[in-house]
Amino acid sequence: MFIHLGGDVLIRSKDIIAILNRDVQEHSSITKTYLKEEEARKTKTIISADYIKSIVITDNDIYYSPVSSLTLNRRAMGKTMTDFALEKEAE
């Protein structure tokens, strides 16, 4: 399954290591250090420089996406908003 990260960028869901909220790097020194090391080793792709909501890490790349981490996680799980609404109704 492929996940749309915004713009013209699609990646395979099985290649994803982590999907992080952009704000996590501001609040965690460990995450900030990890991202700095990963950026030195991997290709960095900024999908929209004006609007970054999430960071997606794969084996070879780091993507800065304008799509929220929650939405990307839902896409990675293969669920749509309709699926979540149906689950909520069933509860």
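This is a short talk about one protein chain, beginning with the whole chain and then turning to helix α2, the loop after it and the nonpolar cores.

Let me say at the outset that what we are looking at is a predicted model, and I would ask you to keep that in mind throughout. The protein chain has 4 helices and 6 strands, and if we read from the N terminus on, these elements run in the order β-β-β-α-α-β-β-β-α-α. Of the 91 residues in the protein chain, 29% count as buried, while the exposed surface comes to about 6100 Å², with carbon and sulfur atoms supplying 50% of it. As for how the chain meets itself, if we take the contacts between residues at least 6 apart in sequence, 45% of them join residues at least 24 apart.

Now to helix α2, where I will spend most of my time. The helix has 13 residues, which at 1.5 Å a residue should span 18 Å, and the C-alpha atoms at its ends are 19 Å apart, in agreement with that expectation. Which residues of α2 are buried? They are T31, L35 and E38, and when we look down the axis of the helix these buried residues fall within an arc of 65°, so they line one face of it. On the other side of α2 we find S29, I30, K36 and A40 exposed. The cover over the buried residues includes β3, at 16-21, and α1, at 24-27, together with β5, at 54-58, and β6, at 61-65.

It is worth taking one residue from each side. T31, in helix α2, counts as buried because its relative accessibility is 17%, and the cut-off for buried is under 20%. Its side chain makes a polar contact of 3.1 Å with the side chain of S28, and, leaving out residues up to four places away in sequence, T31 touches L20 and V24. K36 lies in the same helix, α2, but K36 is exposed, with a relative accessible area of 58%. For a sense of distance, the C-alpha atom of K36 is separated by 9.8 Å from that of Q25, the two residues being 11 residues apart along the chain.

Moving on, K42 sits in the loop between α2 and β4, the strand at 43-46. Is this lysine, K42, buried or exposed? With a relative accessibility of 10%, K42 counts as buried. What does its side chain meet? The side chain of K42 is joined to that of E38 by a polar contact of 2.5 Å, and the K42 side chain also reaches the backbone oxygen of T58, at 2.6 Å. E38, you will recall, is one of the buried residues of α2. Beyond four places in sequence, the residues that K42 touches include I17, I57, D59, N60 and I62.

Finally, the nonpolar cores. The largest has 10 residues in all, namely I3, L5, V9, I11, I16, I19, V56, Y63, V67 and L72, and the elements that give two or more residues to this core are β1, at 2-6, β2, at 9-12, and β3. A second, separate core has 6 residues, among them L20, L35, I57 and I62. Returning to the largest core, V9 is in contact with I3, H4, I47 and Y63, once its neighbours within four places in sequence are set aside.

Definitions and conventions. Residues are numbered from 1 along each chain as its sequence is written. This is a predicted model: local features need pLDDT of at least 70, side-chain atom pairs count only at pLDDT 80 or more; totals for chains, interfaces and linings use all residues. Side-chain values use heavy atoms; hydrogens and water are left out. Buried means under 20% relative accessible area, exposed over 50%, partly exposed in between (1.4 Å probe, protein chains only). A polar contact is a pair of N or O atoms within 3.5 Å; within protein, one must be able to donate a hydrogen and the other to accept it, and residues adjacent in sequence count only if both atoms are side-chain atoms. Contact means heavy atoms within 4.5 Å. The expected span of a helix is 1.5 Å times one less than its number of residues. The arc is that of the directions from the helix axis to the C-beta atoms. A nonpolar core is a set of buried Ala, Val, Leu, Ile, Met, Phe, Trp, Tyr and Cys residues joined through side-chain atoms within 4.5 Å. Accessible areas come from the Shrake-Rupley method with a 1.4 Å probe; for residues, only the protein chains shown count as cover.
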